Amino acid sequence: MPALLQYAKRGADALRRDRSTETVRGASPGTHLQLWVLALAVVFPVAVAVIVSTKETGVVTSLGDLLPGSYAVENYREALVDYRFGRFMWNSLAMSLVIVVGKLVISVFAAMAVVYYRIPYKDLVFLFILFTLLLPVPVRFVPLFQLMNDLGWSNTILAITVPYVASATTVFILRQHFLSIPASIVETAKLDGVGPLRFMLFVLLPMSKGVLVGVSIIMFVYAWNQYLWPLIIIDSEANQVAQVGLQLLQGDVQGGQLSWSLVMAGSTLTLLPPLLLMIVFRKPLLKTFNIQQK
């Protein structure tokens, strides 16, 4: 066991040395100004939504209306309690966690197989996995809806999680990362008689913590923002997710009673979980997009 941990530590140190060879030159003041302008352009709509959520009605007709109001507590309480938006967010959280765990387990085994195992037509199998990216879930809604009904899974968490537990994108990212692991680490583990599962648990996974965290955040945000499929397959309001639950905050649109402040309060609440995860795990997320290729 100590030898396995030593393999993982040496491999991680080697990867860090390889990725630290490039230096970043100082950017000019003009570049910084452009970045600030772009950042403000991205943040401005979110800031407006937060401000509107503190208003009584949320109607903005002038720049003076873009000042914080005094109805924040009332609006958020009404969304969470009266409209049971907290229940919708809990459903979205459960759905997202199941999808993330399922994708991680399947993708790790699949990436390990296409990298380290000698199987016939291995490259063709990997190309077939990538080919599934051309057939997204929305294209398969009609047969998938029929399948969920035949299995008796409609209106359950299985219906909104099982179709998403396989991810070709995650397999591709993990495959590229596994290829960047020094071959000497793999050969040493083989010579010491390390089995496939022990190699995965004590070598691959410890050396892949950053990438696994990064892809987990990406998968969580993707699952959290699911709207169309839960809208189709879930009939019970109590089992709906947060993105669909935003419709319930719109009120009587036909009667002109749309409360934008309430809608923006719900929208702000849906932004919080992904935003917090991105802030906390920003470094592993950025490293995920900087994978070296072999």
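**Entry 1: Thr-54**

I looked up the surroundings of Thr-54 in this predicted model. Leaving out residues up to four places away in sequence, I found Thr-54 touching Pro-68, Gly-69, Ser-70, Tyr-71, Ala-72 and Asn-75. I located Thr-54 in the loop between H2 and H3. Its relative accessibility is 11%, and I therefore entered Thr-54 as buried, the cut-off being under 20%.

**Entry 2: the chain as a whole**

I then turned to the totals. The protein chain holds 15 helices and zero strands. Of its 294 residues, 36% count as buried. I also looked up how far apart in sequence the contacting residues lie. Among contacts between residues at least 6 apart in sequence, 76% join residues at least 24 apart.

**Entry 3: Thr-270**

I next examined a second threonine, Thr-270, which I placed in helix H14. With a relative accessible area of 8%, Thr-270 is buried. Which residues does Thr-270 contact, leaving aside its neighbours within four places in sequence? I recorded Phe-85, Trp-224, Ala-242, Gln-243 and Leu-246. For one of these, Trp-224, I also noted the backbone separation: the C-alpha atoms of Thr-270 and Trp-224 are 8.5 Å apart, while the two residues are 46 residues apart along the chain.

**Entry 4: helices H2 and H14**

Two packed helices are described by the angle between their axes and the distance between the axes. I looked up both quantities for helix H2 (residues 29-52) and helix H14 (residues 260-280): the axes come within 7 Å and cross at roughly 125°. An angle of that value is neither roughly perpendicular nor roughly antiparallel, since those classes cover 65 to 115 degrees and over 145 degrees; H2 and H14 are therefore oblique to each other. I noted the crossing of H2 and H14 as left-handed. On the H2 side, the contact is made by Val-46, Ala-49, Val-50 and Val-52. On the H14 side, the contributing residues are Trp-260, Ser-261, Met-264, Thr-268 and Leu-271. By class, I recorded seven nonpolar, two polar and no charged residues in the contact of H2 with H14.

**Entry 5: helices H4 and H10**

I repeated the look-up for H4 and helix H10 (residues 196-207). Their axes come within 12 Å and cross at roughly 105°. H4 and H10 are therefore roughly perpendicular to each other, the range for that class being 65 to 115 degrees. From H4, I listed Val-108, Phe-109, Met-112 and Tyr-116 as making the contact. From H10, the list reads Pro-196, Leu-197, Phe-199, Met-200, Leu-204 and Leu-205. The contact of H4 with H10 has ten nonpolar, no polar and no charged residues.

**Entry 6: salt bridges**

Side chains of opposite charge can pair when their charged atoms come close. How many salt bridges does the structure hold? I found two salt bridges.

One joins Asp-82 to Arg-77, with the closest N and O atoms 3.3 Å apart. Asp-82 has a relative accessible area of 47% and is partly exposed. Arg-77, at 40% relative accessibility, also counts as partly exposed.

In the other, the side chains of Glu-237 and Arg-84 meet, at 3.0 Å from N to O. This pair links distant parts of the chain, its members being 153 residues apart. I placed Glu-237 in the loop between helix H12 (228-233) and helix H13 (242-245). I placed Arg-84 in the loop between helix H3 (72-82) and helix H4 (85-116). Glu-237 is partly exposed, with a relative accessible area of 39%. Arg-84 counts as partly exposed at 41% relative accessibility.

**Entry 7: positive phi values**

Most residues other than glycine have a negative phi. I therefore looked up exceptions to this pattern.

Tyr-121 has a positive phi of about 55° although it is not a glycine. I found Tyr-121 in the loop between H4 and helix H5 (122-131). Is Tyr-121 buried or exposed? At 65% relative accessibility, I entered Tyr-121 as exposed.

Asn-155 likewise has a positive phi, near 70°, in a residue other than glycine. Asn-155 is found in the loop between helix H6 (141-151) and helix H7 (157-161). I noted a relative accessible area of 24% for Asn-155, which is partly exposed.

Notes:
Residues numbered from 1 in each chain as written. Predicted model: local features only at pLDDT ≥ 70, side-chain atom pairs only at ≥ 80, totals over all residues. Heavy atoms only, no water. Axes fitted to C-alpha atoms, helices over the stretch in contact; angles between N-to-C directions. Helix = DSSP H or I, 4+ residues; strand = E, 2+ residues; numbered from the N terminus. Parallel < 35°, antiparallel > 145°, perpendicular 65-115°, else oblique. Left-handed = near helix turned anticlockwise from the far one by under 90°. Contact = heavy atoms within 4.5 Å. Nonpolar A, V, L, I, M, F, W, Y, C, P; charged D, E, K, R; others polar. Salt bridge = Lys/Arg side-chain N within 4 Å of Asp/Glu carboxyl O. Buried < 20%, exposed > 50% of the residue type's maximum accessible area, 1.4 Å probe, protein only.
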